[in-house]
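Q: I have a model open and want to learn how to read it. Can we go feature by feature?

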Amino acid sequence: MAKLMEDEVFMAFTTYAAIVILKMLLMAPLTAFYRLTKGAFANEEDVALKPMEERKKLLRTDPDVERVRRCHQNDLENIVPFVLIGLLYALTGPELSAALLHFRVFAGCRIFHTIAYISVLPQPSRGLSWLVGVLVTLSMAYRVLSTVLVL
Amino acid sequence: MAKLMEDEVFMAFTTYAAIVILKMLLMAPLTAFYRLTKGAFANEEDVALKPMEERKKLLRTDPDVERVRRCHQNDLENIVPFVLIGLLYALTGPELSAALLHFRVFAGCRIFHTIAYISVLPQPSRGLSWLVGVLVTLSMAYRVLSTVLVL
Amino acid sequence: MAKLMEDEVFMAFTTYAAIVILKMLLMAPLTAFYRLTKGAFANEEDVALKPMEERKKLLRTDPDVERVRRCHQNDLENIVPFVLIGLLYALTGPELSAALLHFRVFAGCRIFHTIAYISVLPQPSRGLSWLVGVLVTLSMAYRVLSTVLVL
C-alpha cells in the first residue's frame with residue numbers, strides 16, 4: 001500500500017471522501033425512482049415499451065424530478081470541490097483532530113442538505129447546511145494556501 | 001518523478017483516468033458542433049454576427065443539443081466520482097489484475113454509454129452501461145472503505 | 001507534511017488548483033445574488049416568507065440567473081478535469097517552468113472566461129478563453145499519457 005495510506009489524516013480524508021461521493025452517487029438511482037413513479041422521462045428511447053399514445057405524455061418534466069436533479073447538481077458543485085481541496089489539505093499535514101472536525105462537519109452538512117432538499121424542509125435548513133459545507137471547504141482552502149503558495 | 005508514478009497500479013489508474021477525462025472533455029466540442037449544425041444557441045452574444053431577424057430564432061433549445069448535454073452531465077456525475085474513488089482505490093494497493101479489470105470495464109462502459117446515448121440505441125443498452133459503470137465505482141469504494149476506515 | 005508537498009511542482013499545482021476551485025465556488029453566491037435581485041427562484045420553500053400572491057411569480061427562470069448558472073456549469077466541465085489531470089501531470093515530474101506556464105495560463109483563462117460570460121463581452125472573447133483552457137488540459141493529458149501508459 002502507498003505510504004500515504006499509513007497517514008492517519010489521509011486515512012480519515014479517504015473515509016469521508018468515499019462517504020460523501022457515495023452519497024452523491026445515490027442521487028442518480030433516486031432520480032430514476034422519481035422518474036419511474038412520477039412518469040416523467042427525458043429520452044424517447046426510455047419510453048419505447050409504452051403504448052404509442054402514452055409516450056408523448058411521459059416525455060415531460062416533473063417538479064419532484066427536477067428537485068432531485070437540483071439536489072444532485074448542488075452535490076456536484078459542493079462535494080467535488082470538497083474532495084479536491086480536502087485531498088490537498090490532507091497533504092499539508094494538519095492535526096488529526098482539526099482534520100476530523102472539518103470532514104465530519106462537511107459530511108453531516110451534506111447528508112442533512114439532501115434530506116432538507118428532498119423532504120422540502122422549511123428554509124433556512126437547506127441554506128444553512130449548504131453554507132456550513134462551503135465554509136468548511138473555504139477553511140481547508142485557507143489552510144492549503146497559507147501553507148503552500150507557489151505563484 | 002514522484003514515487004507514486006513508479007507503482008504499476010497507480011500508472012494504470014493514471015492511464016485510464018486520463019482516457020475517461022479526455023472522453024468527457026470531448027462532449028463540449030460535440031455540443032458546439034450540434035449547436036452550430038442545428039442552429040440552437042444559449043447566449044445572445046453567440047449569434048451577434050447573424051442578421052437581426054434571425055437571432056431570436058437561433059436562441060432556442062434543440063432536442064439533439066439537449067441530448068448531448070444530458071450525456072455530458074451524466075459523464076460529470078459518473079466519471080468524476082470514478083476518478084476520485086479510483087485515486088483512493090489505487091492508493092490502497094490492490095492487485096494489478098483486479099485494478100486493471102475495474103479500470104478497463106469502467107472505461108469501456110462509459111465509451112459505450114456515450115455511443116448509446118448519442119446514437120439513440122434502444123434501451124437497455126444505455127441503462128446497462130451506466131449501471132455497470134456505477135457498480136465498478138461502488139466496488140472500488142467498498143475496497144477503499146474496508147481497507148481504510150477512520151471515522 | 002507529506003513528501004509530496006516538498007515538491008515545487010506539486011506546490012505550484014496545489015496553489016493554482018485551490019485558486020480555480022475557489023473561483024468555481026464563488027459562482028454559487030453569485031447565483032444566489034442574481035436570484036435575490038432578479039426575484040427568480042427555483043424552490044417553493046425559498047419564497048415561503050413572501051406574500052401568497054407574489055410566490056407564484058417568483059418561481060420563474062430569469063435570463064441573467066440562467067447565464068450565471070451556465071457559467072458555473074462550464075466551470076464544472078472544465079475546472080474539475082483540469083484539477084484531476086493537473087494532479088496526475090504534477091506527479092509525472094515536469095519542469096517547474098513548464099508546469100507554471102500551464103497552471104498560470106489556465107487560471108488566467110478561466111478568470112477571464114467568467115468575466116466574459118457574466119459581462120456579456122462580445123465573442124470570441126468567451127470562446128477563446130474556453131478554448132485555451134481546454135488546450136492547456138489537453139497538453140497536460142498528453143504529457144501524462146506519453147510518460148505513463150499502462151493499458
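Q: How many residues of chain B are in contact with chain C?

A: Keep in mind that this is a predicted model. A contact here is a pair of C-beta atoms within 7 Å. By that rule, 24 residues of chain B touch 25 residues of chain C.

Q: Which elements give two or more residues to the side of chain B that touches chain C?

A: Map the contact residues onto the helices and strands. Helix H1 (8–25) and helix H4 (63–91) of chain B meet that mark. H1(B) gives the most, with 11 residues.

Q: How do the residues on that side of chain B divide into nonpolar, polar and charged?

A: Sort them by residue type. The side of chain B that touches chain C has 18 nonpolar residues, 3 polar and 3 charged.

Q: Now chain A. How many helices and strands are there?

A: Count the elements, then read their order. Chain A has 6 helices and 0 strands. Along the sequence the pattern is α-α-α-α-α-α.

Q: What radius of gyration does chain A have, set against a compact globule?

A: Compare the value with the globule rule for the chain length. For 151 residues a compact globule would come out near 15 Å, whereas chain A has 19 Å. The spans of the C-alpha trace of chain A along its principal axes are about 65 × 40 × 30 Å.

Q: What share of chain A counts as buried?

A: Burial is a neighbour count: 20 or more other C-beta atoms within 10 Å. In chain A, 40% of the 151 residues count as buried.

Q: What percentage of contacts in chain A join residues at least 24 apart?

A: Take the contacts between residues at least 6 apart in sequence. In chain A, 74% of these join residues at least 24 apart.

Terms used:
Residues are numbered from 1 along each chain as its sequence is written. Chains are lettered from A and ligands numbered from 1 in the order in which they are written. This is a predicted model: local features need pLDDT of at least 70, side-chain atom pairs count only at pLDDT 80 or more; totals for chains, interfaces and linings use all residues. Two residues are in contact if their C-beta atoms, placed from the backbone, lie within 7 Å. Helices (H or I, at least four residues) and strands (E, at least two) are DSSP runs, numbered from the N terminus. Ala, Val, Leu, Ile, Met, Phe, Trp, Tyr, Cys and Pro count as nonpolar, Asp, Glu, Lys and Arg as charged, and the others, Gly among them, as polar. The radius of gyration is taken over C-alpha atoms; the globule rule is 2.2 Å times the number of residues to the power 0.38. A residue is buried if 20 or more other C-beta atoms lie within 10 Å of its own, exposed if 12 or fewer, and partly exposed in between; C-beta atoms are placed from the backbone.
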